[in-house]
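Trainee: I want to learn how to read a protein structure, feature by feature. Please take me through one.

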Amino acid sequence: MSGVRVCSLADVPDGRVRAIDCGGRSIAVANVEGELYAIDNVCTHDGGPLGDGRLVGSRVICPRHGAAFDARSGRALTLPAVRGVRAYGVTVEDGDVYVDCEP
């Protein structure tokens with residue numbers, strides 16, 4: 001196991017995205033068909049909270065203006081965002097979720 005324990009697997013149901021604290025950093029953890037991914041919780045368009053958005057397939061949709069980001073890579077997929085966000089490694093062990101979010 002590596003990284004910081006951020007939540008239990010049950011906290012992020014399939015098809016959902018949640019904002020979670022990781023060592024003082026806000027991240028968005030998404031469950032895409034049973035696989036968990038983590039990206040920064042800040043839309044590069046206007047700072048919207050991606051963890052408050054919705055997950056459509058593997059796309060995290062910002063709740064403010066609808067910019068989409070790839071939950072797996074953090075890449076910006078649609079306008080108005082043109083820059084991606086940082087992605088973090090995720091490990092699940094014994095029902096606990098760990099994210100490599102250390103600086």
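Reading the features

Mentor: The count of disulfides comes to one, taking cysteine sulfur atoms within 2.5 Å as a pair. This is a predicted model, where local features need pLDDT of at least 70, side-chain atom pairs count only at pLDDT 80 or more, and totals for chains, interfaces and linings use all residues. Residues are numbered from 1 along each chain as its sequence is written, and side-chain values use heavy atoms, leaving out hydrogens and water.

Trainee: Which cysteines form the disulfide?

Mentor: First the idea: a disulfide is a covalent bond between the sulfur atoms of two cysteines. Here cysteine 22 and cysteine 101 form it, with their sulfur atoms 1.7 Å apart. The angle about the S-S bond is -80°, so this link is left-handed. Cysteine 22 belongs to strand S2 (residues 17–22), while cysteine 101 sits in the segment after strand S10 (96–99), so the bond ties together parts 79 residues apart in sequence. Strands are DSSP runs of E, at least two residues, numbered from the N terminus.

Trainee: Are cysteine 22 and cysteine 101 buried or exposed?

Mentor: Both are buried. Buried means under 20% relative accessible area, exposed over 50%, and partly exposed in between, with a 1.4 Å probe and protein chains only.

Trainee: Why does cysteine 43 have no bond to cysteine 62?

Mentor: Check the distance. The sulfur of cysteine 62 is the closest cysteine sulfur to that of cysteine 43, but 3.9 Å is too far for a bond. Cysteine 43 is buried at 2%, and cysteine 62 is buried at 4%.

Trainee: How many salt bridges are there?

Mentor: Side chains of opposite charge can pair when their charged atoms come close. The rule asks for a side-chain nitrogen of Lys or Arg within 4 Å of a carboxyl oxygen of Asp or Glu. By that rule there are three. One joins arginine 5 to aspartate 96, with the closest N and O atoms 3.1 Å apart. This pair links distant parts of the chain, 91 residues apart: arginine 5 is in strand S1 (residues 4–8), and aspartate 96 is in strand S10. Aspartate 46 and arginine 64 meet at 3.7 Å, N to O. Their loops differ: aspartate 46 lies between strands S4 (35–40) and S5 (54–56), and arginine 64 between S6 (59–61) and S7 (68–70). Arginine 72 also pairs with aspartate 70, at 3.1 Å. Arginine 72 is partly exposed at 45%, while aspartate 70 is buried at 8%.

Trainee: Which residues touch the most other members of the largest nonpolar core?

Mentor: A nonpolar core is a set of buried Ala, Val, Leu, Ile, Met, Phe, Trp, Tyr and Cys residues joined through side-chain atoms within 4.5 Å. The largest has 16 residues, and Ile39, Leu50, Val60 and Phe69 touch the most other members. Strand S3 (residues 25–32) gives the largest share, three residues. A second, separate core has 13 residues, including Cys7, Ile27, Ala38 and Cys101.

Trainee: Where is asparagine 31 found?

Mentor: In strand S3. Asparagine 31 is buried, at 5% relative accessibility. Its side chain reaches the backbone oxygen of valine 12 at 2.9 Å. The side chain of asparagine 31 also reaches the backbone nitrogen of glycine 34, at 2.8 Å.

Key
Helices (H or I, at least four residues) and strands (E, at least two) are DSSP runs, numbered from the N terminus. A polar contact is a pair of N or O atoms within 3.5 Å; within protein, one must be able to donate a hydrogen and the other to accept it, and residues adjacent in sequence count only if both atoms are side-chain atoms.
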